[in-house]
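Grab a coffee and work through these short exercises on one model. Each has a task, then a solution in steps.

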Amino acid sequence: MHELSLCRSVFDIADRARNGRRVTAVHLQVGQLRQVVPDTLVYCWGLVTDDSPLAGSKLEIDHVPVVLDCADCSSRTTVAHSLVLVCAHCGGGSITLVSGEEFMVTSLDVEKEN
Amino acid sequence: MGRFHRHDDGTEHEHEHGHAHEHEHGHGHGHGHSEEHDLGDMTSYETGTERISVLERIFDENDRAAAANRATFDSHGIRCVNLMSSPGAGKTTLLVHTLTHLRDTGHRAAVIEGDIETSIDADRLQGLGAQISLLNTGDGFGGECHLDAPMIAKALGKLDLDDLDLLLVENVGNLVCPAEFDVGAHASAMVYAITEGEEKPLKYPVMFRSVDAVVINKMDLLPHLDFNLDLFRTNLHQVNPDAAVFELSARTGEGLAGWHEWLIDAATH
């Protein structure tokens, strides 16, 4: 629901980082616990970049799974079903998140300078 | 063979050996300009791309604004609690009781009232001794579904911070977006109504995980509903075992004491 404002933040970061160069793709890391709808994000990216120096650039989303450390059994497990945050090994709830909350612009693809 | 190297500005390039590169390019490009005019002779133009490392968190800007808000609160001795819920869960009705209680117990309170449109909720909270700052997110903020830290910073301008102990942020009714945005609060709570169903903590774990307290509202309706309170509490415990939980009815005023105690505790620590 807030994909539009997130796209504005992504735009600001990418526009600063591109250093005046033409961007073909913006790479994001999005953890599964982030409540963004990838298709909506891509749609909003089109709206936000329209008529801007980033027009035509693609938003490439790298999804990061939810990984938990369990305090009860010391296992590190990947949660297949991200809604229930319990240890996939012992079912315990004393967990620490290792990954799954990422939300980052990792890199840009820019056209080579001659 | 490519050669990989990193520049001081964090950019990384891979160049062919022997490829002369002129890295210096102007920083004076005007905003909103396409770069095509800078490319000059298109006949020598190569279509290859290279990757620049960025590694910047998308919430950094909001988080910086939230930290600034928190510093403002701390310098004025103000505690701030972010109150969230789905639409219609009873935040405003609860606040009518809570503001009255805070006034009667000598706590100076204020509410930042977030709504996409209208001042209906803000109007309901007038005359209870609290300062009210209305933020219509449809008015200049693009109809946002949440309050973020820069909006709170703007709303603070309408409050007398020297005459304030506890600031309550009544967020936009929504179980998704508000949980993602730190507004600078010291604690957060949500109001959940038993009419919403037992499965909500599992469907909206990010929201239920993000709060320090959960108010279970509309308990007066329990005899009329097929609501399994134990199942709800089990589901809540699964996503947030540490949350303080208060069962109450904002309509009848029953069960408010524990909530008010938690809030005043949050306000004074």
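**Exercise 1. Find the stretch of chain B where pLDDT stays under 50, and decide how to read it.**

Solution. Start with the stretch itself: in this predicted model, pLDDT stays under 50 over residues 1-45 of chain B. The model still has 61 contacts beyond four places in sequence for those residues. Don't lean on such contacts: where pLDDT is low, the predicted coordinates should not be read in detail. Now step back to the whole chain: mean pLDDT for chain B is 84, with 80% of its residues at 70 or more. For the model as a whole, ipTM is 0.86 and pTM is 0.79.

**Exercise 2. Classify the ring pair Y192(B) and F232(B), and place it in the chain.**

Solution. Over all chains there are 10 aromatic pairs. For this one, the centres are 4.1 Å apart and the planes differ by 10 degrees; planes under 30 degrees apart count as stacked, so stacked it is. Next, location: Y192(B) belongs to strand β8 (residues 187-193) and F232(B) to helix α7 (residues 229-239), 40 residues apart. Both residues are buried. Finally, look around: Y192(B) and F232(B) join F208(B) and F227(B) in one aromatic cluster.

**Exercise 3. Do the same for F246(B) and W259(B).**

Solution. The ring centres lie 6.4 Å apart with the planes at 65 degrees, so call this pair edge-to-face. As for location, F246(B) sits in strand β10 (residues 244-247) and W259(B) in helix α8 (residues 256-268), 13 residues apart. Buried or exposed? F246(B) and W259(B) are both buried.

Notes. Residues numbered from 1 in each chain as written. Chains lettered and ligands numbered in written order. Predicted model: local features only at pLDDT ≥ 70, side-chain atom pairs only at ≥ 80, totals over all residues. Heavy atoms only, no water. pLDDT = per-residue confidence, 0-100. Contact = heavy atoms within 4.5 Å. Phe/Tyr/Trp six-rings, centres within 6.5 Å; stacked < 30°, edge-to-face > 60°. Helix = DSSP H or I, 4+ residues; strand = E, 2+ residues; numbered from the N terminus. Buried < 20%, exposed > 50% of the residue type's maximum accessible area, 1.4 Å probe, protein only.
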